[in-house]
Amino acid sequence: MRGGTYLAKEASPAPPGYTHPAIPAGPPAAGWLGGEHPSLPGSWPPPGRPWPPLPEPQDGEPWPEDWFKDPPPAAPAQPASAAPAEPGRFSPRRVSWPWWLLWPWTAVWVALQLALKMSGQSWHFFAQGGQLLFASGPGTGLQLYAGHPNLQIGPLALATSGVLRLIGPDQGQLAAVLLMSATGPVVLWGVWRLLPASEQARQVRLFLAGLFFLPVWTELTTHFAHLDDLLALCLSVAALHAVARRNPLWAGLALAAAVDAKPWAAAFVALIFALPRRQWLAALAAFTGGVAVAWLPFLAADPRTLTAVTRFTIPNNASSALRVLGVMSPRTPWWDRSAQLALGAGAGCLAVRRGRWQAVVLVAVSARILLDPGVYAYYTAGALLGTIVVDLVMTKWRFPWVTAITAFLLYLARMTHKLVPFDLHQLGVLRLLFAIGVPLLVLGMPGWWIARRRGRHARAHDQVTIISPVFPAALAPAAGYRTGHELR
């Protein structure tokens, strides 16, 4: 009401000596809008009454020249994404401090393997298989597995090694070792990205997990250069992301590609059942189709391929968990490979049913270590990948306890022969303790150690799944129940 009849009501006090003129009384009107206000009897201000004198202002004029102007418009709010990050807070636009330490940590262990000339110990299998895959003649091409049953490598890994071999035998091996050696921090970053952005600010967890994981990962990538296990494990992380985002097509294709790289990765198929039930069919169709496209041509070309893949035997090592279980056969029993896959897939389904789908990789690898006659160190890399997924994604503790326990049982115990001289049987007992004890610890872990995240993962708000109870629609909202378990 600036400039109106009632300016004196809302303006600042009048200057000294100012006298308000008399206001003639208007005609009476209904209500107080046209007459006097009920709380202010009589006319206001009273006619002929001056404003009381005020002291002279000390800090400026009481009536500035621009007092009648509207205030300037407020500046538009700055979007949250453009606001500068506070010191010490997580910002996705800058490299977090753990990576400045974990990349050099990886380089130290890679350089150690290269300096001791222990790199690429198994690459000759991949070089030979890649050459035979693209060659012509008996026992090559689609008859590769029937003619060379010792090549327990999936066609995807053989095709990749064949492409790398095109740059030269020695150059291909060097390129393969260097490329694989650089995957450790990348895989760790992939696991870390499974967490919500709000929880990625706790970067001490990432740093501690990397200290345990990266040295063991170089055993797989640099020392042995096992391309097939590397691809299978990396693709399992991709499948975890697809499941977390409820994408059945990509989940099925990622799991199929893992099997196409390494047959034992078929135990990871339990991850499909972590999806909502309505998506199972699509994921299983993508998985089955992906496996068929890669393996059916070999089976059609020579039916002996299936026997070569499932019945190939290796020596039963004296320090294997299989020996501790009482299997004294000098070579792999005929039932062993099938039992590994069945046990791994069954344990994975149990993990999903318990609402702990993040442990599928861990329990599947544990089944492999439990029943495998071999004790190769690159098996440990898969076990530690499963444990860091559990420590970082499933639990909420700061120190990676499951990873630390696994690293001791499977890796550090082999290096303590001067301090604690374990014999071969005792090493087998340690492997057995891991293969049975760690999955039981993870699957039986109390609920207060599990991170609860709403709406982040596959089964949040799903009503009918393998593990979620079905509440009546009328009962659930009234009782406060959540329809479906949320995947953590």
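Is Arg368 buried or exposed, and what is its relative accessible area? In this predicted model, Arg368 is buried, with a relative accessible area of 8%, and the legends below take up its surroundings along with other close-up views.

**Figure 1. Overview of the predicted model, a protein with 19 helices and zero strands.** Of the 488 residues in the protein, 46% are buried. Among contacts between residues at least 6 apart in sequence, 75% join residues at least 24 apart. A search of the whole structure finds five salt bridges, and three of the pairs are described in the next views.

**Figure 2. Close-up of the network of salt bridges that links Asp228, Asp229, Lys262 and Arg368.** Side chains of opposite charge can pair when their charged atoms come close. Asp229 forms a salt bridge with Arg368, and the closest N and O atoms of this pair are 3.2 Å apart. Because Asp229 lies in helix H9 and Arg368 in helix H15 (residues 360-371), the pair ties together parts that are 139 residues apart in sequence. Asp229 also forms a salt bridge with Lys262, where the closest N and O atoms are 3.8 Å apart. This second pair likewise links distant parts of the chain, with Asp229 in helix H9 (residues 227-244) and Lys262 in the loop between helix H10 (248-261) and helix H11 (280-301), 33 residues apart. Both Lys262 and Asp229 are buried; for Asp229 the relative accessibility is 2%, and a residue counts as buried when its relative accessible area is under 20%, so Asp229 falls in that class. Arg368, at 8%, is buried as well.

**Figure 3. Close-up of the salt bridge between Asp372 and Arg337.** The side chains of these two residues meet with an N to O distance of 3.4 Å. Asp372 lies in the loop between H15 and helix H16 (378-394), whereas Arg337 lies in helix H14 (residues 336-353), so the pair ties together parts that are 35 residues apart in sequence. Asp372 is buried, and Arg337 is buried too.

**Figure 4. Close-up of the packing of H10 against H11.** Two packed helices are described by the angle between their axes and the distance between the axes. For H10 and H11 the angle is about 30° and the axes are 7 Å apart, which makes H10 roughly parallel to H11. The crossing in which H10 passes H11 is right-handed. On the H10 side the contact is made by Pro248, Leu249, Gly252, Leu253, Leu255, Ala256, Val259 and Asp260, and on the H11 side by Ala282, Ala283, Ala286, Phe287, Gly290, Val291, Ala294 and Trp295. Sorted by class, the contact of H10 with H11 has 13 nonpolar, two polar and one charged residues.

**Figure 5. Close-up of the crossing of H15 and H18, with Ser366 of H15 in the contact.** The axes of H15 and helix H18 (residues 424-443) come within 9 Å and cross at roughly 155°; the two helices are therefore roughly antiparallel to each other. Their crossing is left-handed. From H15, the residues Leu362, Val363, Ser366, Ile369 and Leu370 meet Arg431, Leu432, Phe434, Ala435, Ile436, Val438, Pro439 and Val442 of H18. This contact of H15 with H18 has eleven nonpolar, one polar and one charged residues. Ser366, which lies in helix H15, is buried, with a relative accessible area of 1%. When its neighbours within four places in sequence are left aside, Ser366 is in contact with Phe434, Ala435 and Pro439.

**Figure 6. Close-up of the packing of H3 against H5.** The axes of helix H3 (residues 123-133) and helix H5 (residues 155-165) come within 7 Å and cross at roughly 90°, which makes H3 roughly perpendicular to H5. In H3, the residues that take part are Trp123, Phe126, Ala127, Gly129, Gly130, Gln131 and Leu133, and in H5 they meet Pro155, Leu158, Ala159, Ser161, Gly162, Leu164 and Arg165. The residues of the contact of H3 with H5 divide into eight nonpolar, five polar and one charged.

Definitions and conventions:
Residues numbered from 1 in each chain as written. Predicted model: local features only at pLDDT ≥ 70, side-chain atom pairs only at ≥ 80, totals over all residues. Heavy atoms only, no water. Salt bridge = Lys/Arg side-chain N within 4 Å of Asp/Glu carboxyl O. Helix = DSSP H or I, 4+ residues; strand = E, 2+ residues; numbered from the N terminus. Buried < 20%, exposed > 50% of the residue type's maximum accessible area, 1.4 Å probe, protein only. Axes fitted to C-alpha atoms, helices over the stretch in contact; angles between N-to-C directions. Parallel < 35°, antiparallel > 145°, perpendicular 65-115°, else oblique. Left-handed = near helix turned anticlockwise from the far one by under 90°. Contact = heavy atoms within 4.5 Å. Nonpolar A, V, L, I, M, F, W, Y, C, P; charged D, E, K, R; others polar.
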